[in-house]
Amino acid sequence: MDRITAAKVFVDVAYSGSFTATADRLDMSRPMVTRYIEAMENWLQTRLLNRTTRKVSLTSAGETCLADVERLLEKADELTLLTTANDELTGTIRLATSMSFGYAQLVPALKGFMSAHPSVVIDVDLEDSTTDLTRERIDLALRIASDPDPSLIGKPIAPCESILVASPGYINSASRIEHPRDLETHECLGYKNFERHVWHLHKDADIESIDISCHLTANDATLLTQAAIADLGIAMQPKYLVAKHLQSGELVEVLPSWKPKDMQIYVLYSSRKNMPPAVRALIDHLSDYFSAQHW
């Protein structure tokens, strides 16, 4: 069997702790994962993994070998790049981002890169939860934050402005909204990962913190946007997600002179060491693309 592929399977299982998870991630059957691990153990003449019905973990020999196997794969990638004609970028890039940003903005951003580099494969994970880039073998993550994870290297690529929106139907059927405190009597749509729903709004030097009432919460901004369009209440949403709905008239801005705090869109990665050229090229492309703020 191909020893390079076997090495990649071993490293992936070492981090995932699951034959099934590795099979899904590498797009191969679970029995094939088992055969590659057996091939690695036969090659190195040692047992690399402890296997039980519930857990897969490294043996002491596996822990010792892991770093060496990773270095082997890095050298293999370097040799592949040296022998690639015309400096053509190759390889697979695993990219993580939120569902809302992925659906609303990512595909147009990737189109130009993929056209320019047809030999690069991009595997996208859509998750609203924070991802452990090392454990999940993620090369890059696009995240919206005021302060990114300090354990990661973060490059801001665009500001992220949020606004309050609602449908014309909701606005016409509800009481007037002239000040942030008026929101306390309105139906608002919130993110369920916050136990207490407080919206912080500012107008010049004035700041208001409003406790809002939420009869509908969700962990996905796209769903909350659709709920706002369906007259269910007021949502605080990123402009990149609702711009087209504002243009179409499905949504209108609420309290336009009062603004939530702006955040940044970051591209995050775990290390600059031995970064494949394709990953570095994608970082540069995303930075250039989103600097224009197409929304």
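**Two open sheets and their helices**

Of the 295 residues in the protein, 40% are buried, where buried means under 20% relative accessible area, exposed means over 50%, and partly exposed lies in between (1.4 Å probe, protein chains only). This is a predicted model: local features need pLDDT of at least 70, side-chain atom pairs count only at pLDDT 80 or more, and totals for chains, interfaces and linings use all residues. Residues are numbered from 1 along each chain as its sequence is written, and side-chain values use heavy atoms, with hydrogens and water left out.

Start with the whole chain. The C-alpha trace spans about 75 × 50 × 35 Å along its principal axes. The secondary structure comprises nine helices and 14 strands. Both are DSSP runs, numbered from the N terminus: helices are H or I with at least four residues, strands are E with at least two. The protein exposes about 16,000 Å², and carbon and sulfur atoms supply 50% of that area. Accessible areas come from the Shrake-Rupley method with a 1.4 Å probe; for residues, only the protein chains shown count as cover.

Contacts and charges come next. A contact means heavy atoms within 4.5 Å. Among contacts between residues at least 6 apart in sequence, 73% join residues at least 24 apart. The protein has 29 positive and 40 negative charges, and their mean positions are 5 Å apart. Lys and Arg count as positive, Asp and Glu as negative; His and the chain ends are not counted. Each charge is placed at NZ of Lys, CZ of Arg, CG of Asp or CD of Glu.

Now take one sheet. It is open, has five strands in the order β4-β3-β5-β14-β6, and its pairing is mixed. Two strands pair if DSSP finds at least two bridges between them. The edges are β4 (120-126) and β6 (153-160); each has a single partner strand, so one side of each is left without a neighbour in the sheet. Neighbouring strands here are turned by 25° against each other on average, direction ignored. Axes are lines fitted to C-alpha atoms, for helices over the stretch in contact, and angles run from 0 to 180 degrees between N-to-C directions.

Strand β3 (residues 91-97) pairs with β4 in the parallel sense over seven bridges. Threonine 97 has leucine 126 in β4 as its bridge partner. Helix α5 (residues 99-116) packs on this sheet and touches β3, β4, β5 (140-145) and β14 (263-269). The direction of α5 makes about 175° with that of β4. Helix α9 (residues 277-290) lies across β3, β4, β5, β6 and β14. It runs at about 25° to β6.

Another open sheet of five strands has the order β11-β8-β12-β7-β13, again with mixed pairing. Its edges are β11 and β13, each with a single partner strand, so one side of each is left without a neighbour in the sheet. Neighbouring strands of this sheet are turned by 45° against each other on average, direction ignored. Helix α7 (residues 221-229) lies across β8, β11 and β12, running at about 170° to β8. Helix α8 (residues 239-248) packs on the sheet and touches β7 (162-166), β12 and β13. The direction of α8 makes about 115° with that of β12.

Look closer at β8 (residues 187-191), the strand that holds glycine 190. β8 pairs with β11 (residues 213-218) in the parallel sense over five bridges. Glutamate 187 has serine 213 as its bridge partner in β11, and leucine 189 has leucine 216. β8 and β12 (residues 234-238) run parallel and are joined by two bridges. There, cysteine 188 stands opposite isoleucine 234.

Is glycine 190 buried or exposed? Its relative accessibility is 2%, so it counts as buried. Not counting residues up to four places away in sequence, glycine 190 touches His197, Cys214, Leu216, Thr217, Ala218 and Leu224. Glycine 233 is 43 residues away along the chain, and the two C-alpha atoms are separated by 9.8 Å.

Two loop residues deserve a look at their backbone. Glutamine 45 is not a glycine, yet has a positive phi of about 55°. It sits in the loop between α3 (30-44) and β1 (49-51). With a relative accessible area of 68%, glutamine 45 is exposed. Leucine 255 is not a glycine either, and has a positive phi of about 45°. It is found in the loop between β13 (252-254) and β14. Leucine 255 counts as buried, at 8% relative accessibility.
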